[in-house]
Amino acid sequence: MPSTLPDGEPVPTDGSLPAPAVVDLTRTPLSIYLHVPFCSTRCGYCDFNTYTANELQGTGTSDYLAAAHAEIDLAARILDGAPPASTIFVGGGTPTLLTGAELGGLVAHVRDVIGLAPDAEVTTEANPETVTPQLLDELLATGFTRMSLGMQSATPSVLRLLDRVHTPGRAVEVARMAHAAGFADVSLDLIYGTPGESLDDWRTSLETALSADPEHISAYALIIEDGTRLARRIERGEVPMTDDDDLADKYLLAEEVLTKAGLDAYEVSNWSRGVQHRARHNMAYWLGHNWWGIGPGAHSHVGGVRWWNVKHPRSYAAALAAGRSPGAGREVLNPDDRRVERVLLELRLSDGLPVEVLTDSEAERVHAVVDSGLGELRNQNLVLTLRGRLLADAVIRDLLD
């Protein structure tokens with residue numbers, strides 16, 4: 001089942017924000033996240049807030065859509081005075097279990113009541129098995145500009161262990177279909193470090209993904225989440241635990257293969273074919289912009305206020321039908337909390353972290369990071385080296401007070 005929500009203070013029933021966050025609205029870029037919680041099956045490694053048909057307890061697509069549209073209206077009231085959204089990202093779950101018209105209707109509603117910048121990036125995630133040429137045409141016609149495909153691996157045994165339902169070559173086929181339909185930004189998401197995956201398996205996955213000539217590739221180390229089917233299999237000794245040295249070798253191989261193919265690492269786990277193809281929505285997260293997450297279990301951040309919605313689609317729909325915010329809890333970050341988050345996020349970017357963000361004592365540790373070969377200074381920004389990217393969490397831990 002999906003992971004539990006954090007603790008927090010209550011969210012006002014009308015969803016209102018503290019005065020300082022309202023002031024921040026007018027001067028900070030805005031993004032919108034739309035969470036579609038439906039999946040046909042649950043992958044063995046996944047702890048996202050997603051539900052198969054037998055877990056929905058009578059809550060269906062129409063209930064979700066009515067509630068999501070109601071939350072868009074709620075967001076429009078609270079976000080009055082904010083700039084038009086610069087990005088929309090539809091994630092899940094499997095968003096493409098909805099029709100193109102349903103997905104496009106959500107985007108159109110955001111455009112109508114919140115506003116959407118003329119050059120906005122509008123992305124949907126997709127399971128390759130759910131994508132057809134007709135769906136691609138519908139998505140383009142309703143304003144989508146970017147497609148993010150869950151490929152994970154090109155190795156059948158790895159896909160089976162992850163409980164993925166698509167065939168190995170389907171993601172590449174759909175990426176080519178998306179290009180042919182007119183998508184100028186196609187991303188493929190890969191996972192490395194699955195138990196039993198060899199270095200040659202991982203090289204094959206990278207080279208297969210590149211054969212689709214994508215503008216963007218994300219490559220994430222597999223994280224074994226408590227409570228997942230894969231975690232239970234590892235606990236029972238059925239499959240081995242992932243190994244840190246193996247993960248490091250595979251990360252280095254990804255950097256070698258992707259860089260040679262003309263993609264640059266602009267964040268620790270993300271490579272793009274030039275600045276223009278970076279995932280702008282994800283950059284909004286890493287740069288601390290405002291975003292409103294719509295849907296069950298979705299998280300939001302506006303002006304230092306972070307909140308999260310109730311998880312189950314039925315509870316989510318009930319709250320909005322009753323005219324209440326679906327927020328389950330929130331936290332108000334103090335200035336130092338926000339500064340620390342900025343260090344955590346921006347140091348992962350190839351543009352680096354401005355040294356001026358650090359305290360005096362933290363700034364004194366920068367030289368040790370540089371001297372150890374884990375970072376370098378560029379235009380008063382601390383930028384991680386390749387070795388530093390491998391040890392990013394440790395670098396950040398040692399740098400912060």
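Let me start with Glu138, which sits in helix H4, residues 133-141, where helices are DSSP runs of H or I with at least four residues, numbered from the N terminus. This is a predicted model, in which local features need pLDDT of at least 70 and side-chain atom pairs count only at pLDDT 80 or more, while totals for chains, interfaces and linings use all residues. Residues are numbered from 1 along each chain as its sequence is written, and side-chain values use heavy atoms, with hydrogens and water left out.

Is Glu138 buried, exposed or partly exposed? With a relative accessible area of 28%, Glu138 is partly exposed, a class that lies between buried, under 20%, and exposed, over 50%, using a 1.4 Å probe and protein chains only. Setting aside residues up to four places away in sequence, Glu138 touches Gly100 and Ala101, contact being heavy atoms within 4.5 Å. Glu138 also lies 7.9 Å from Gly104, C-alpha to C-alpha, although 34 residues separate the two in sequence.

Turning to the interior, the largest nonpolar core has 79 residues, and Ile32, Ile88, Leu149 and Trp292 have the most contacts inside it; such a core is a set of buried Ala, Val, Leu, Ile, Met, Phe, Trp, Tyr and Cys residues joined through side-chain atoms within 4.5 Å. Helix H2, residues 61-78, gives the most to this core, with 9 residues. Trp292 touches, among others not up to four places away in sequence, Ile32, Glu71, Leu74 and Trp307. There is also a second, separate core of 16 residues, including Val343, Val357, Leu374 and Val395.

Finally, Leu390 lies in helix H15, residues 386-390, and at 33% relative accessibility Leu390 counts as partly exposed.

Terms used:
Helices (H or I, at least four residues) and strands (E, at least two) are DSSP runs, numbered from the N terminus.
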